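Reader: I should like to go through this structure by question and answer. Please begin with the place where the chains meet.

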2 protein chains.
Amino acid sequence: MSFAEYFPIFDKLTREEQAALLDAVTYRKIEKGALVYNGSADCFGVLLLRRGQLRAYICSEEGREVTVYRLFDRDICLLSASCMMRSLQFDITITAEKDTEAWMIPVNVYKNLMERSAVIANYTNEILGTRFTDVMWLVEQILWKSFDKRLAAFLMEESAIEGTDRLRITHEQIASHLGTAREVVTRMLKYFQTEGAVKLTRGLIEITDFERLSGMSE
Amino acid sequence: MSFAEYFPIFDKLTREEQAALLDAVTYRKIEKGALVYNGSADCFGVLLLRRGQLRAYICSEEGREVTVYRLFDRDICLLSASCMMRSLQFDITITAEKDTEAWMIPVNVYKNLMERSAVIANYTNEILGTRFTDVMWLVEQILWKSFDKRLAAFLMEESAIEGTDRLRITHEQIASHLGTAREVVTRMLKYFQTEGAVKLTRGLIEITDFERLSGMSE
C-alpha cells in the first residue's frame, strides 16, 4: 500500500499537487513510547498513520496528564503541524502508544499546498473539525460525567481498541488518561471488582462482566 | 461601514466571489436575550458581527450551562453554520447577550464559495482554529483551576468587557457561565467580599480592589 492509496483526497488533487506531495513525503517508523510532538516548541509536519497508535494529551504545571484524543490506522495527525495555523495557540503533547509507521508531509510543503488548493484546505478543515468534536466530547465528559462512568467507559474503549477483555495497563496509566490520581483509579477499580464487573490481578485488569460495565458507563 | 469593510478577506476574493457574497448577505438585528442558534436542529449561516455580543454555551441534560466562548464586534460566528462541515458533531447554543447587529451569509452560499476558494477555506480554518483554542483554554480552566481562581478571572473579564467596575449580573448568570450552582457562586463572592476584593449589594457586584482580585485569579 502506498501513500497515494492512504491519503483520502489524493485523486482529487492536480498532477502538480500529487507530484509535490510524493516528492516531499517520507516514511517514518516511530517506536512505542517515543515523543512525537512536544507542544509549541515543535512543528515538523502532518502525519498520515499507516499503522500504530498515537496519543495526544495536555499537561498541568504539576505534571498531571489528560488524554485529549487518540489516532489510529489511516488517521491524520494535524496538530503536529499546528504552527502552520496562526490561530492554534495551545500546547499539546503527542506520543506513540504502540509501534507506529506513518508518512510525514513536511509543514512547509503542506502549508504551501493548502494555501493554493481549496480541496486540501477543506480537507484540513474537516480534520480540524473532527479534533474539535473530540475536545467538545471531552469537555462534556469532564463537566457532566462522574468518575465511575468515565472509568467504565474508558475500560470498554480500551477493550475495543486492544480486542481483548484482558487489559495490560497500570492504574497510573489510566490516571494519566483521565486526569486524576492513581489512588482514585485504584479505589474505583476495587469497587468495580466488588460489583463483579472486573477482576484485578498484578498488572492486569480483566473485564468479567461486559454488560455490567457497560451499564456503569451510562 | 459596509460588509466589504468588515469582512477581513473581502479584498482577496475574485469579483465573482465578492458579487456572490454581496448579493446573498442580509443585515440582521438581534435583540438582547434572543436565541441565535439552537444546536444540531439548526443551521442558518455565518454571522459577521457589526456590534453586540453573543454567547456560545453547552448544556447538560439537567440544564446546567457552561459558556464556551463569546463573540464581539467584528467576530465571525461560524458554528451557527456548522452543518456545512460534516465533522463538527456537537451541540452548542448561541444567544445574544446584548442587542446585536450582524451580517448573515446563508449557509449554502458560504459553503459553495468555501468549496471552490482556497482563500475562504483557509480563512474558515483560522476561525475554526480560534474557537478550538478557546475550547482548549476552557478545558485547562476546568481541569486545573480551582473555582475561586475561575470566578476571580471571570469578574476581571466581565469588568473589561463592560468597561466598568460595577457589574450588573446575577449570581445565577455567573453560575451559568462557569457551570456551577448559584449557591457556590454566592458563597465564593461572600468570601471575596470578606477579603475586600468586591462589595455586594442587591443586583450589583462592585470590584473594590482590582489588584487583590487579579492576585486571586492567578
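Reader: How much area is buried between chain A and chain B, and what percentage of it do carbon and sulfur atoms give?
Author: Buried area is the accessible area (1.4 Å probe) that two parts lose on being put together, summed over both. In this predicted model, the area buried between chain A and chain B is about 3400 Å². The percentage given by carbon and sulfur atoms is 71%.

Reader: What conventions apply to these values?
Author: Residues are numbered from 1 along each chain as its sequence is written, chains are lettered from A and ligands numbered from 1 in the order in which they are written, and side-chain values use heavy atoms, with hydrogens and water left out. In this predicted model local features need pLDDT (the predictor's confidence in each residue, from 0 to 100) of at least 70, side-chain atom pairs count only at pLDDT 80 or more, and totals for chains, interfaces and linings use all residues.

Reader: Which element supplies the largest share of the side of chain A that touches chain B?
Author: Contact means heavy atoms within 4.5 Å, and 41 residues of chain A are in contact with 41 residues of chain B. Helices (H or I, at least four residues) and strands (E, at least two) are DSSP runs, numbered from the N terminus. On the chain A side, β3 (45-59), β4 (65-71), α3 (107-116) and α4 (118-144) each supply at least two residues. The largest share, 20 residues, comes from α4(A).

Reader: How many salt bridges does the rule find across the interface of chain A and chain B?
Author: A salt bridge is a side-chain nitrogen of Lys or Arg within 4 Å of a carboxyl oxygen of Asp or Glu. Over all chains the count comes to 23. Across the interface of chain A and chain B, the number found is zero.

Reader: What relation do the two chains have?
Author: Copies are superposed by least squares on the C-alpha atoms of residues with pLDDT of at least 70 in both. A turn of 180 degrees and a shift of 0.0 Å along the axis lay chain A on chain B with an RMSD of 0.0 Å. That is the relation of a two-fold axis.
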